[in-house]
Amino acid sequence: MNPEIIKEKIEKDIGKKVRITVYGLRNKTNLYDGVIKATYPNIFTIFDGLSEKSFSYRDVITGDIKIKYE
């Protein structure tokens, strides 16, 4: 899969609520709920009400993070 395809899909969904699941080391999982705020050449950001978090398109491709639309 191409990062540009992921970027285009996320750009269309700016302003939508999402849940981001981040799979880390040692089977640790982090969840982030927020709204897609912006896209940039290599990352996209979500705003969770308190702060802005950034994620890369490559992590979506490799499965290190999953995006669920609410």
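The following paragraphs lead through the fold of this protein chain, from its overall build to its sheet, its core and a few individual residues.

This is a predicted model, in which local features need pLDDT of at least 70 and side-chain atom pairs count only at pLDDT 80 or more, while totals for chains, interfaces and linings use all residues. Residues are numbered from 1 along each chain as its sequence is written, and side-chain values use heavy atoms, with hydrogens and water left out.

The protein chain holds two helices and five strands, where helices (H or I, at least four residues) and strands (E, at least two) are DSSP runs numbered from the N terminus. Followed along the sequence, these elements give the pattern α-β-β-β-β-α-β. The radius of gyration is 11 Å, close to the 11 Å that the globule rule gives for 70 residues, so the protein chain is as compact as a globular protein of that length; the radius is taken over C-alpha atoms, and the rule is 2.2 Å times the number of residues to the power 0.38. Along its principal axes, the C-alpha trace spans about 35 × 30 × 20 Å. The accessible surface comes to about 4,900 Å², and 51% of that surface belongs to carbon and sulfur atoms, with areas taken from the Shrake-Rupley method with a 1.4 Å probe and, for residues, only the protein chains shown counting as cover. Of the 70 residues, 29% are buried, a term that means under 20% relative accessible area, whereas exposed means over 50% and partly exposed lies in between (1.4 Å probe, protein chains only).

The five strands make an open sheet in the order β4-β3-β2-β1-β5, with antiparallel pairing; two strands pair if DSSP finds at least two bridges between them. Its edge strands are β4 and β5 (65-69), each of which pairs on one side only. From one strand to the next, the twist averages 45 degrees, with axes fitted as lines to C-alpha atoms (for helices over the stretch in contact) and angles running from 0 to 180 degrees between N-to-C directions. Toward one edge, strand β3 (residues 43-47) pairs with strand β4 (residues 52-56) in the antiparallel sense over five bridges, and I43 stands opposite S56 in β4. These two strands form a hairpin with four residues between them, and G49 in the turn has a positive phi of about 100 degrees. At the other edge, β1 and β5 run antiparallel and are joined by five bridges, with K66 in β5 as the bridge partner of T21.

Helix α1 (residues 3-12) lies across β2, β3 and β5 and runs at about 75 degrees to β2. In soluble globular proteins, nonpolar side chains tend to be buried together. Here the largest nonpolar core has eleven residues, namely I6, I10, V18, I20, V22, I36, F44, I46, F55, Y57 and I65; such a core is a set of buried Ala, Val, Leu, Ile, Met, Phe, Trp, Tyr and Cys residues joined through side-chain atoms within 4.5 Å. The elements that give two or more residues to this core are α1, β1 and β3, and its largest share, three residues, comes from β1. Leaving aside neighbours within four places in sequence, Y57 is in contact (heavy atoms within 4.5 Å) with ten residues' worth of surroundings that include P3, I6, K7, I10 and F44.Among contacts between residues at least 6 apart in sequence, 41% join residues at least 24 apart.

The loop between β1 (17-23) and β2 (29-39) holds R26, and N27 lies in the loop between β1 and β2 as well. Most residues other than glycine have a negative phi, and most peptide bonds are trans. Phi of R26, however, is near 55 degrees, a positive value in a residue other than glycine, and phi of N27 is near 60 degrees, also a positive value in a residue other than glycine. R26 is exposed, with a relative accessible area of 83%, and N27 is exposed, with a relative accessible area of 77%.

Two further residues help to relate positions along the chain to positions in space. N2, in the segment before α1, is partly exposed, with a relative accessible area of 36%; N2 and I61 are 59 residues apart in sequence and 7.8 Å apart in space, C-alpha to C-alpha. G63 lies in the loop between α2 (57-62) and β5 and is partly exposed, with a relative accessible area of 22%. The C-alpha atoms of G63 and G15, which are 48 residues apart along the chain, are separated by 23 Å.
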